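Got the viewer open? Let's walk through a few selections together, one stop at a time.

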Amino acid sequence: MARIPIFLMGLVVIWAALAEAKYMIYKDSTKPLNSRIMDLMSRMTLEEKIGQMTQIERGVASAEVIKEYFIGSVLSGGGSVPSKQASAETWINMVNEFQKGALSTRLGIPMIYGIDAVHGHNNVYKATIFPHNVGLGATRDPELVKRIGAATALEVRATGIPYVFAPCIAVCRDPRWGRCYESYSEDPKLVQAMTEIVPGLQGDIPANSSKGVPFVAGKRKVAACAKHYVGDGGTTEGINENNTQISRHGLLSIHMPGYYNSIIKGVSTIMVSYSSWNGVKMHTNRDMITGFLKNILRFRGFVISDWEGIDRITSPPHANYSYSIQAGISAGIDMIMVPNKYKEFIDGLTSHVKNKVIPMSRIDDAVKRILRVKFVMGLFENPLADTSLVNELGSQEHRKLAREAVRKSLVLLKNGKSADEPLLPLPKKATKILVAGSHADNLGYQCGGWTIEWQGRSGNNLTSGTTILTAIKNTVDPSTEVVYKKNPDADFVKSNNFSYAIVLVGEPPYAETFGDSLNLTISEPGPSTIQNVCGYVKCATVIISGRPVVIEPYVNLMDALVAAWLPGSEGQGVADVLFGDYGFTGKLSRTWFKTVDQLPMNVGDRHYDPLFPFGFGLTTNPTKTI
């Protein structure tokens, strides 16, 4: 008889042990955030912690690699896709396959997949391509930008991705910089206002939330990333990834304000800039990353490097990777966008910790921040994506919103050779009109860089959208003959008796360093198109560019001049305003210089002599249709 109670006691002990093994605080969403973080961290090995700090490119990722190295994050670089013209379902399947690798590890910590979504979900075929930030700055409409953030979040989630490397809150102080179109404005106050995109992407932070703590409102929202910390838009001559020479007061008053607002609004992550501040690489700047961002601003999300950001600490890049790892991690960077040589990174960081070059407290700080974001956004509860949002990708509602953004971003710089004879809005009914220029019928050109491919692409077959030529044809009266000629000669223009002409010229697509330019000219044959057309017929010239360009020599030839920036996929928005269905309302978010010799020249400078000043923009009233 005595044996039975002992046997039962044994069962109870085994059952209790199994229950204990199965119940883990970190898996319980009802437990406080910090309890979950501390519980999970107490269970993690050094190998698992360093895995969390490692972000690798999808091209070198697999479920097996993620499982073996406990990889914490995967990304798509610019133009990196599972297959050409991949569907939302194809994206979801790829992300879920990677995620299954993470979930099959001992602790089942989900990986977080990130992607650049800098003007809509721009890597993905048939996504809505919104105007680039330079155009959104001209709208002066933070509420519109918030709605664009919300639409972008839905399209990104439609493909199974929960994290975006946006917004860029650079304050571009020199248009010679190849990333100037990624900046809302040269004015820090306008950039601050446009941080409303953060709650658009992530959701509105709850009223009782602690300042600096990341927030993501669930499965229809994404974790955002304010970038590039800090001073990326202030480099000498606008040279990308170069040196920003400015006092501490200047840095904090011009380049920092957007970060204050983003952090208050709960931004989840912050990306460090390739650039240097007064000769010190930002990726090594412990004073600004740990001292200022983490300790003074109390930012509680995670800090991520840029692509090969630590490699570029040395010149040439990757020359002393062991030092780069030490310098970057010691500065306070939490997650490294490796992105390809992950074994070298993991081995190097492990060695530094084991040799006490990098203290365990620094690793724990990094992992705590990464886990905080993953817990806050519900990644542990919902690690796998489903197809419930696939219809959000490129939806009509989002295209309508993008078209509205295009209308509001257009800036009218000249209207008529004299004020009492305006050319715009153009009449829809005319005998015969000419549409000319390299940018009239080129979807790739009007979308710019960071569209399907990193550098963007010329042509009409890269994604779905409406070219401005198509939009014009859709808008004019059916009786109006529309003649399109890319680069007509003067004789053609003179001999055709056109009622008026619309000339669309500007810059080709580019991204990052490839866009750095010391001359800022309209690409050929743009200038000759302007001269051949505007010399002989009334013309409205529309500039498609990522920044102000040299136009002073041609302004007197033109009857009307419009800055359309990089409007994206919804070219119909341009025609909406040219033909008076809506009025012009946009205001310059950047100073338009006369000559490049004046640069850098920004509003508030002592010697300020622009062609068109910051904030300039003529208005028109909508034409009443009878």
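Start by selecting Tyr321, Ser322, Ile325, Gln326 and Ile329 in H13, then add Glu344, Phe345, Gly348, Leu349 and His352 in H14: these are the residues through which the two helices meet. Colour that contact by residue type and you'll get 5 nonpolar, 4 polar and 1 charged. Keep in mind as you go that this is a predicted model.

Now show the whole helices, residues 321-331 for H13 and residues 342-354 for H14. Their axes lie 10 Å apart and the packing angle is about 65°, so the pair counts as roughly perpendicular, a label that covers 65 to 115 degrees. While you rotate the view, look for the handedness: the crossing of H13 past H14 is right-handed.

Next stop, the sheet. Which order do the strands take? Reading across, you should find S4-S3-S2-S1-S11, an open sheet of 5 strands with parallel pairing. Pick out S4 (163-164) and S11 (336-337) at the edges: each has a single partner strand, so one side of each has no neighbour in the sheet.

Then zoom in on S2, residues 73-76, and S3, residues 112-115, which run parallel and are joined over 4 bridges. Click Ser76 and look across to S3, where Ile115 sits opposite.

Last selection: residues 410-619. An unreviewed UniProt entry lists this stretch as "domain: Glycoside hydrolase family 3 C-terminal". Within residues 410-619, the chain is 16% helix and 15% strand. Put a distance label between the C-alpha atoms at the two ends of that stretch, and it should read 10 Å.

Conventions:
Residues numbered from 1 in each chain as written. Predicted model: local features only at pLDDT ≥ 70, side-chain atom pairs only at ≥ 80, totals over all residues. Heavy atoms only, no water. UniProt positions renumbered as here; feature names shortened; annotations may be inferred. Axes fitted to C-alpha atoms, helices over the stretch in contact; angles between N-to-C directions. Parallel < 35°, antiparallel > 145°, perpendicular 65-115°, else oblique. Left-handed = near helix turned anticlockwise from the far one by under 90°. Contact = heavy atoms within 4.5 Å. Nonpolar A, V, L, I, M, F, W, Y, C, P; charged D, E, K, R; others polar. Pairing = 2+ DSSP bridges.
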